[in-house]
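User: I am new to this structure and would like to understand the reasoning behind the terms applied to it. Please set each value against its definition and then conclude.

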Amino acid sequence: MQAHLQVAGVQKMVCRALVNVCFGTDGAALARKQRAAAAGAIEAIAAAMHAHPQVAGVQEQGCWALRNVCSGFDAAGLARSQREAEAGAIEAIVAAMQAHP
C-alpha cells in the first residue's frame with residue numbers, strides 16, 4: 001500500500017483483500033487480524049483513506065477493512081482499536097461519511 005499510495009485502484013483492492021483475509025471471529029481469524037496489524041495494515045488503511053477522500057470505493061473498502069482488522073473485545077482487539085484512533089482513522093471515517101452521504 002505504501003509503494004502505490006497515490007493509486008486509488010490499488011488502495012481499494014488492497015483494502016478489499018484485507019476485508020477478506022481478516023474476516024471472522026475464530027482463533028485463526030483473530031491471529032490474521034493481529035498479523036495484519038503487526039504488518040502496519042491499520043496505519044496503511046488510514047493513509048489510503050486520507051490520500052483518496054473523494055474516491056468512494058477507497059472509503060468504503062477502507063471502512064470495511066478497519067472494521068475487520070480492528071474488531072475484537074479481547075486485549076489485542078482493544079489495542080488494535082486504540083491504534084486505529086492513533087492512526088487518524090476516526091477522522092478518516094468521519095470525513096468519508098461527510099464526503100459520501
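Analyst: Let us begin with one residue of this predicted model. Cys15 has a relative accessibility of 0% and therefore counts as buried, since buried means under 20% relative accessible area. Cys15 is found in helix H1.

User: What is Cys15 in contact with, leaving aside its neighbours within four places in sequence?

Analyst: Contact means heavy atoms within 4.5 Å. By that criterion, and with those neighbours left aside, Cys15 touches Met1, Ile45, Gln61, Gly62 and Ala65. A further distance concerns Trp64: its C-alpha lies 7.9 Å from that of Cys15, although 49 residues separate the two in sequence.

User: Why is Cys15 not bonded to Cys63?

Analyst: A disulfide requires a pair of cysteine sulfur atoms within 2.5 Å. The closest cysteine sulfur to that of Cys15 belongs to Cys63 and is 9.3 Å away, so the two are too far apart for a bond. Seen from the other side, Cys63 is in no disulfide either, its nearest cysteine sulfur being that of Cys15 at 9.3 Å. The count of disulfides by this rule is 0.

User: What makes Cys63 partly exposed?

Analyst: Partly exposed residues fall between the cut-offs of 20% and 50% relative accessible area. Cys63 has a relative accessibility of 29%, and therefore counts as partly exposed. Arg16 is judged in the same manner: its value is 36%, so Arg16 counts as partly exposed. Arg16 lies in helix H1. Between the C-alpha atoms of Arg16 and Lys33, which are 17 residues apart along the chain, the separation is 14 Å.

User: Is Gln61 buried or exposed, and how do you know?

Analyst: Gln61 has a relative accessible area of 10%; the limit for buried is under 20%, and Gln61 is therefore buried. Gln61 is found in helix H4, which covers residues 56-70. Apart from neighbours within four places in sequence, its contacts are Lys12, Cys15, Arg16 and Val19.

User: Why is Leu66 described as buried?

Analyst: Leu66 has a relative accessibility of 1%, so it counts as buried under the 20% limit. Like Gln61, Leu66 lies in helix H4. With neighbours within four places in sequence set aside, Leu66 is in contact with Ile42, Ile45, Met49, Ser71, Glu84, Ala89 and Ile93. The C-alpha atoms of Leu66 and Ala17, 49 residues apart in sequence, are 12 Å apart in space.

User: What makes Gly27 exposed?

Analyst: The term exposed is applied over 50% relative accessible area. Gly27 has 54%, and so Gly27 is exposed. Gly27 is found in helix H2, residues 27-38. In space, Gly27 and Trp64 are 20 Å apart, C-alpha to C-alpha, with their positions 37 residues apart in sequence.

User: Which residues of helix H3 are buried, and what covers them?

Analyst: Helix H3 spans residues 41-51, and its buried residues are Ala41, Ile42, Ala44, Ile45, Ala46, Ala48 and Met49. Their cover includes helix H1 (8-21), H2, H4, helix H5 (75-86) and helix H6 (89-99).

User: How many helices and strands does the chain have, and why is the chain called as compact as a globular protein of that length?

Analyst: The chain has 6 helices and 0 strands, in the order α-α-α-α-α-α from the N terminus. Its radius of gyration is 12 Å, and the globule rule gives 13 Å for 101 residues; the two values are close, so the chain is as compact as a globular protein of that length. Along its principal axes, the C-alpha trace spans about 35 × 20 × 20 Å.

User: What do the totals for the chain show about burial, contacts, surface and charge?

Analyst: Of the 101 residues, 35% are buried. Among contacts with a separation of 6 or more, 64% join residues 24 or more positions apart. The accessible surface is about 5600 Å², and carbon and sulfur atoms account for 63% of that area. The side chains include 8 positive and 7 negative ones, and the centres of these two sets are 9 Å apart.

Technical notes:
Residues numbered from 1 in each chain as written. Predicted model: local features only at pLDDT ≥ 70, side-chain atom pairs only at ≥ 80, totals over all residues. Heavy atoms only, no water. Helix = DSSP H or I, 4+ residues; strand = E, 2+ residues; numbered from the N terminus. Rg over C-alpha atoms; globule rule 2.2 N^0.38 Å. Buried < 20%, exposed > 50% of the residue type's maximum accessible area, 1.4 Å probe, protein only. Areas by Shrake-Rupley, 256 points an atom, 1.4 Å probe, with all protein chains shown as cover. Lys, Arg positive; Asp, Glu negative; His and termini not counted. Charge placed at Lys NZ, Arg CZ, Asp CG, Glu CD.
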